[in-house]
Amino acid sequence: ILVSDVDLNRVKWTPIAKGSAFLGVFDGGNNTISNLTTTDPDCAGFFWSARNVKNLTLKNVKISGNFKAGAISGDGLCSTFDNCHVDGGTIVSTPREVNGVMDDGNNVGGITGYLSAEPNASITNCSVKNVTLKAFRTIGGLVGKMQGASCNVKGNTVENVEIIANMTTPGYP
């Protein structure tokens, strides 16, 4: 449980559980983390991938990557996000060369870049506001891409969010 607000100004942040998934429960205690800046080519966010995050607010984020990017978590495989809020900042996914071909630049959302229900996943009672989201494709205010019939998304709000889905790259398939 996070017990106080945290300012990450001038802190070089590596997403929690980089290269895997945080399998515990992260309770933000209704506190705020401000000025998160992070970059990861695969899953950019406060978490690389997280299973259960609740009661957390992120303010003034700067998230960048190439594949999955979201303020709370780049990847949301079987994840539950409840009462999570993002207020202010930018989240960007830029195409990159993969096996000699331009690819990626996708899966960008205010909460998570990718939400996959295998078997279940949810985003409930969350909000995203005053954020700019940029990607080539699969982009949305809360989540960039959802997969699976058991994704539960309810009770959320998106306000004053700019979505830019026109990042074109020469040679992109």
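Biologist: Why is C126 called buried or exposed in this structure?

Modeller: C126 has a relative accessibility of 2%, and because buried means under 20% relative accessible area, exposed over 50% and partly exposed in between (1.4 Å probe, protein chains only), C126 counts as buried. This is a predicted model, in which local features need pLDDT of at least 70 and side-chain atom pairs count only at pLDDT 80 or more, while totals for chains, interfaces and linings use all residues. Residues are numbered from 1 along each chain as its sequence is written, and side-chain values use heavy atoms, with hydrogens and water left out.

Biologist: How do you know whether C126 is in a disulfide?

Modeller: A disulfide is taken here as a pair of cysteine sulfur atoms within 2.5 Å; the nearest cysteine sulfur to that of C126 belongs to C84 and is 4.6 Å away, so C126 is in no disulfide.

Biologist: What is the distance from the sulfur of C78 to the closest cysteine sulfur?

Modeller: That closest sulfur is in C151, at 9.3 Å, which is too far for a bond. C78 itself is partly exposed, with 22% relative accessibility, and the count by this rule comes to 0 disulfides.

Biologist: What makes D42 and R96 a salt bridge?

Modeller: The term asks for a side-chain nitrogen of Lys or Arg within 4 Å of a carboxyl oxygen of Asp or Glu, and the closest N and O atoms of D42 and R96 are 3.1 Å apart, so the pair meets the rule. D42 lies in the loop between β3 (37-40) and β4 (43-44), and R96 in strand β9 (residues 95-98), so the pair ties together parts that are 54 residues apart in sequence; strands here are DSSP runs (E, at least two residues), numbered from the N terminus.

Biologist: Why are D42 and R96 both called partly exposed?

Modeller: The relative accessible area is 31% for D42 and 22% for R96, so both values fall between the two limits given above for that term.

Biologist: Which residues are joined into one network by salt bridges that share partners?

Modeller: The network consists of D42, R96 and D104, with D104 and R96 meeting at 2.7 Å, N to O. D104 counts as buried, at 7% relative accessibility.

Biologist: How do you know that R137 and D103 link distant parts of the chain?

Modeller: R137 is in strand β15 (residues 137-140) and D103 in strand β10 (residues 101-104), 34 residues apart, and their side chains meet in a salt bridge of 2.8 Å, N to O. By this rule the count comes to 5 salt bridges.

Note on methods: Helix = DSSP H or I, 4+ residues; strand = E, 2+ residues; numbered from the N terminus.
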